[in-house]
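Me: I am new to protein structures. Please pick a single part of this one and walk me slowly through how its pieces are arranged.

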Amino acid sequence: MRCCFSAHLPALAALSAFPGPCEVLRSGARLAPALLRSASAAVRRVRSWHPDDLTAVNLELVTLTEDTAVITWYTGIPGTDDGLGHPLPAITEGEVLYGTHPARLNRSASEGRATAHHQVELTGLEPGQTYYYQARSRGAAATPTPLHLVRGNAVGTSAFGLGSGGGPYSFTTPQPPPGRHLLSIALCNDLHLGETTAGLVGGIPLLRGVAQQPGRAPYPELMSRALVTEARRRGADLLLAGGDITAGGSAHDLGEARRILDGFGAHGEDYFVVRGNHDRSRDDAFRTTFPGGGDGPGYFSRDLGGLRIIGLDTYAKSGNGADAGGLGGEQLAWFQGQLRQQPDQPTLVFGHHPLTVRDSLFPVTRGQCLERRQARALVDAYASAPGVFLHHAGHTHRNKRTVLTRAPHVTHQEVAAAKEYPGGFTLVRIHSGGYALNHFKAGDVAARQWSERSRRVAAGLWPHHALGRSVTDRNSVRAHDLSGVMALAGRE
């Protein structure tokens with residue numbers, strides 16, 4: 001099943017979804033050198049190796065809160081190849097040395113066990129403090145995931161240490177959101193239950209997609225179950241799944257998705273689901289599996305202790321699934337009416353298609369976002385509704401934070417796909433005076449293995465697109481009056 005981001009489309013139905021000439025030229029200039037390097041690497045012979053050799057690579061600062069940082073990297077055997085141009089795993093212990101001065105890394109943290117897929121969490125950090133760190137595997141310093149195609153930085157909030165081949169690198173912890181913590185919400189999307197190959201792009205031989213290793217669990221199920229477990233472990237009170245729950249909308253895959261998400265809690269109470277373009281089917285199995293309630297066929301509004309959650313069906317139309325998203329006139333009028341009735345109520349909106357796509361590595365087509373006129377109508381509605389603070393979308397399979405000048409009080413957060421690298425969810429921590437957005441990778445060992453394997457999507461270019469070009473694309477804090485929200489039952 002080809003992903004919605006890069007589907008190879010039937011000739012006539014796809015005309016409106018093709019990128020313009022400028023988009024093609026811009027992306028081609030960026031991608032051509034990397035594609036050539038990928039092709040060259042694919043034909044190089046694997047050299048001999050020694051069991052004690054290792055290389056520590058793909059260092060990433062995934063999560064940064066006011067008092068924690070989650071750092072990941074991979075240890076491989078240099079000169080080996082798993083068939084995707086990726087070194088075979090080297091099982092070893094890893095550690096992160098860190099401190100408040102680059103010459104005094106006097107604190108350490110580790111996982112306490114040997115692995116090739118390292119994930120170390122630094123805890124007890126001070127808000128507003130700059131820290132310097134170096135990740136090591138058996139004494140070898142880990143080097144960052146290169147994000148040069150998007151001028152990004154995978155390892156910190158400053159450029160300190162970049163270009164040094166192992167750091168130390170640095171980050172500065174943010175201040176916590178103002179006020180008292182009320183509740184936390186996990187945002188996820190693009191689970192793609194039923195998919196068997198990630199990143200298929202028709203007609204481009206180099207972008208052949210990545211499949212799960214034989215004998216391992218199907219990766220959409222594996223990643224979805226790990227997401228549910230990790231969201232609960234990180235303290236999520238609610239979960240919002242923003243579309244493309246399945247790869248093709250089949251009743252079987254939707255049923256499996258329902259069973260997995262039911263592991264988080266009760267549908268319509270503890271978690272809520274909206275439809276994506278991949279979830280459409282002739283028998284409308286999605287709406288049977290995940291009934292939305294009485295507001296409309298696939299959209300709804302819920303008041304949860306003063307917090308209004310609005311779920312949108314952004315593909316309420318007929319089409320081939322690769323064209324622009326659409327709400328339909330009835331749903332759009334309903335949505336505008338909801339905001340007019342209570343413009344000041346704290347409101348979180350989620351739907352599959354983003355309203356706009358900016359700073360994309362790959363060519364931007366009309367199919368990557370909501371139809372333009374409807375997107376403008378939503379932004380105009382936001383401009384007159386100061387209570388709206390967050391719009392969550394998926395579909396692009398990347399972490400990207402956008403603020404639009406027409407409605408600057410609303411954060412538009414695209415969240416990377418749950419099914420593949422980087423794999424996971426974004427946690428919204430709501431306080432009475434603001435909120436924080438933090439991306440977490442799924443912590444399960446098997447999920448880490450698939451996440452590392454699937455970074456080879458798009459001939460290894462996927463990290464440039466999916467991770468987020470900066471730490472603030474996946475971790476941010478913002479002030480907003482949310483004092484009208486009550487803590488959920490059972491929370492002090």
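Reply: Two strands count as paired if DSSP finds at least two bridges between them. Strands (E, at least two residues) and helices (H or I, at least four residues) are DSSP runs, numbered from the N terminus. This is a predicted model, in which local features need pLDDT of at least 70, side-chain atom pairs count only at pLDDT 80 or more, and totals for chains, interfaces and linings use all residues. Residues are numbered from 1 along each chain as its sequence is written, and side-chain values use heavy atoms, with hydrogens and water left out.

Let's look at one sheet. It is open, has 6 strands and shows mixed pairing. Going across it, you meet E14, E15, E16, E17, E19 and E18, in that order. At the edges sit E14 (300-304) and E18 (400-403), each of which pairs on one side only. From one strand to its neighbour, the average turn is 20°, ignoring direction.

Now step inside the sheet. E16 (residues 347-350) and E17 (residues 388-393) run parallel, and 4 bridges join them. To find this pair on your screen, start at Leu-348: its bridge partner in E17 is Leu-390.

Finally, bring in a helix. H5 (residues 329-341) lies across E14, E15 (307-311), E16 and E17, where contact means heavy atoms within 4.5 Å. The direction of H5 is at about 170° to E15; such angles run from 0 to 180 degrees between N-to-C directions, with axes fitted to C-alpha atoms, for helices over the stretch in contact. So, as you trace H5, you can look for E14, one of the edge strands, among the strands it lies across.
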